[in-house]
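This briefing is meant for a reader who is meeting the structure for the first time. Please keep the sequence and the model in view while reading, and look up each residue as it is named.

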Amino acid sequence: MALLPEHLVLGKTITLKVMAESFSSMGVPVFLADIKGDLAGTCMPGEANEKINERLSSIGITDFNFKGFPVIFWDIFGKNGHPIRTTLQNIGPTILSKMLGLNETQEGVLSIIFRIAKESGYEIIDTKDLRLVLQYVAENSKEYSIKYGNVASQSVGAIQRSLIMLEEQGASYFFGEPDIDINDFIKTNDAGLGNINILHCVELFKQPNLYACFLLWLLTTLNNKLPEVGDMEKPKMVFFFDEAHLLFNGLPDYMLTQVTQIVKLIRSKGIGLYFISQSPSDIPDQILAQLGNKVQHTLRAYTPAEQKTIKAVADSFRANPDFNTQDAILSLGTGEALISFLNEKGEPNRVEKATILPPQSLMGTIDDSIRLMVISRSIFNGKYDTVVDRESAFEILSAEIEEKNAQQEALKKEQEEKKLLEQQQKEEEKAKKAEEKAKREEERIKKQEEKEAEKRRKNTVQYKLGKAAERTANSALNSVGRKVVNEIFKNLFK
């Protein structure tokens, strides 16, 4: 990273603003977060006042020029700047898990969900994509558990609830397309000044976890997408991470290790990083060890713990025999700071006292009309304004689910028709058997009736008299017959 002019230092808002202006003047683009809305005035020329005149006079500057700088306004919510969006699959399960506040088990399930989506060709662009993929995998968990591991419905439910809460925080504005091109942050204007990209964070900062995860995503994206450039005379771009302690709060060890590695290697991508916080103790030691340029504004020590912190801060600087660093930290006045930058050999210079120049641009907020004018004149006006909702997991899965439901409905209908046909056949067979049974019964009854009729007939007087007469006739006939036979035999054997 190139060293800055000796009067520029890092501290809070004013110092941050002065450094951003200096980088821009050097042709280096800058990205910073405007948490209070008071950095927006960077687009307008500043104005002299009594305090500024006193400051300039005290450091012997008589030719100070006020001017505005090329500012690009950005806003995740798309209200006070160009929208910044990215897809959920670009965010990835690791950072998203931090956004959602998931535990280790739930994070593991979310990783499985993303793995299934990737292998199945389901692009997870926005929250509706993720919600449907979660539902689909949960409904088919038995099928996926064999290959990917257990996908507990309780974990899926927890993820879905956390996703709803994240949407209520406004994160749904951040997830989508067109996806931000990280190279759009690395632009200069026609005069060769580096663009100062200001992210409006007044609303975003009300959701500290979302703000921190945005910074984490930005840092990761820079490292993943930008090419190696080696040592450069000056940075390709500089990023200021304000309220940096939020980035590291609750960060798991494995993620802290990843961030530390990124901070260590990102210099080779031509990127300068500045972490800004109220106290050095807010930044993990392994991160501090990677930051060569240090600037320290005054600190106060009212407790033993604070005194210990100040001593540690003082010890982190290369000592200057002209003053006691620890005492200097406690006695710094307004607009003063201790600075130590790396020399050409990459070694830290001795700590020095420095006085901060006033900003050249306007200090404070701007009217909405001025902001809108700057946005409308931006080279990115219209590029990211319209949301693109192309075919992704939601559309693909919806079609598959609809087709599956249609197939199931057709199968159900076919089964019902088959069942109805079988039922009809059974009914017909039953009716046929009943008809045959009825016919047999009818025949039986008919025979029975005939039998009974015959019985009644035989019991009638006429029938009995007829039978008696018949027997008499048969008896007489038999007597005559015997006589005839006897006569015949007699004639034969005479």
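Is Asp126 buried or exposed? Asp126 is buried, because its relative accessible area is 14% and the cut-off for that class is under 20%. The model is a predicted one, and the points below begin with the confidence of the prediction before they turn to salt bridges, a helix packing and several single residues.

**Confidence of the prediction**

- The chain has a mean pLDDT of 88, and 94% of its residues reach a value of 70 or more.
- Among the elements of the chain, strand β2, which covers residues 71–75, has the highest mean pLDDT, at 98, whereas helix α16, which covers residues 461–492, has the lowest, at 70.
- Over residues 1–11 the pLDDT stays under 50, although the model has 46 contacts beyond four places in sequence for these residues.
- Where pLDDT is low, the predicted coordinates should not be read in detail.

**Salt bridges**

- The whole structure holds 13 salt bridges according to the search made of it, and three of them are described here, starting with the one in which the side chains of Lys147 and Glu119 meet at 3.5 Å, N to O.
- This pair links distant parts of the chain, since Lys147 belongs to helix α6 (residues 141–148) and Glu119 to helix α4 (residues 104–120), with the two positions 28 residues apart.
- The two partners differ in exposure class, for Lys147 counts as exposed at 62% relative accessibility, while Glu119 counts as partly exposed at 42%.
- Asp126, the residue of the opening question, forms a salt bridge with Lys128, and the closest N and O atoms of the pair are 2.8 Å apart.
- Lys128 is partly exposed, with a relative accessible area of 22%, whereas its partner Asp126 is buried.
- Lys311 and Asp315 form a further salt bridge through their side chains, at 3.0 Å from N to O.
- Lys311 and Asp315 are separated by about one helical turn, because they stand 4 residues apart in helix α12 (residues 304–316).
- Lys311 counts as partly exposed at 43% relative accessibility, and Asp315 is exposed, with a relative accessible area of 53%.
- Elsewhere in the chain, Arg115, Glu119 and Lys147 are joined into one network by salt bridges that share partners.

**Packing of helices α5 and α15**

- Helix α5 (residues 127–139) packs against helix α15 (residues 393–458) at an angle of about 40°, and their axes are 8 Å apart.
- The crossing that α5 and α15 make is left-handed.
- On the side of α5 the contact is made by Lys128, Asp129, Leu132, Val133 and Tyr136, and on the side of α15 by Ala393, Phe394, Glu395, Leu397, Ser398 and Ile401.
- By type, the residues of this contact divide into 7 nonpolar, 3 charged and 1 polar.
- Lys128 therefore appears in two settings, as a partner of Asp126 in a salt bridge and as a partly exposed residue of the contact between α5 and α15.

**Residues within helices**

- Helix α7 (residues 153–168) contains Gly157, which is buried, with a relative accessible area of 15%.
- Gly157 and Glu123 lie 34 residues apart along the chain, and their C-alpha atoms are separated by 21 Å.
- Leu166 also lies in helix α7, where it counts as buried at 2% relative accessibility.
- Beyond its neighbours within four places in sequence, Leu166 is in contact with Leu96, Met99, Leu100, Ala171, Phe175 and Leu210.
- From Leu166 to Asp253 the distance is 24 Å in space, C-alpha to C-alpha, and 87 residues in sequence.
- Thr260, in helix α10 (residues 253–265), is buried, with a relative accessible area of 13%.
- Thr260 touches Gln286, Ile287 and Gln290, when residues up to four places away in sequence are not counted.

**Backbone features in loops**

- The peptide bond that runs from Glu177 to Pro178 is cis, with omega near 10°, and Pro178 lies in the loop between α7 and β4 (196–200).
- Glu243 is not a glycine, yet it has a positive phi of about 50°.
- The loop that holds Glu243 runs between β5 (237–241) and α9 (245–248), and Glu243 counts as buried there, at 14% relative accessibility.

Note on methods: Residues numbered from 1 in each chain as written. Predicted model: local features only at pLDDT ≥ 70, side-chain atom pairs only at ≥ 80, totals over all residues. Heavy atoms only, no water. pLDDT = per-residue confidence, 0-100. Contact = heavy atoms within 4.5 Å. Buried < 20%, exposed > 50% of the residue type's maximum accessible area, 1.4 Å probe, protein only. Salt bridge = Lys/Arg side-chain N within 4 Å of Asp/Glu carboxyl O. Axes fitted to C-alpha atoms, helices over the stretch in contact; angles between N-to-C directions. Left-handed = near helix turned anticlockwise from the far one by under 90°. Nonpolar A, V, L, I, M, F, W, Y, C, P; charged D, E, K, R; others polar.
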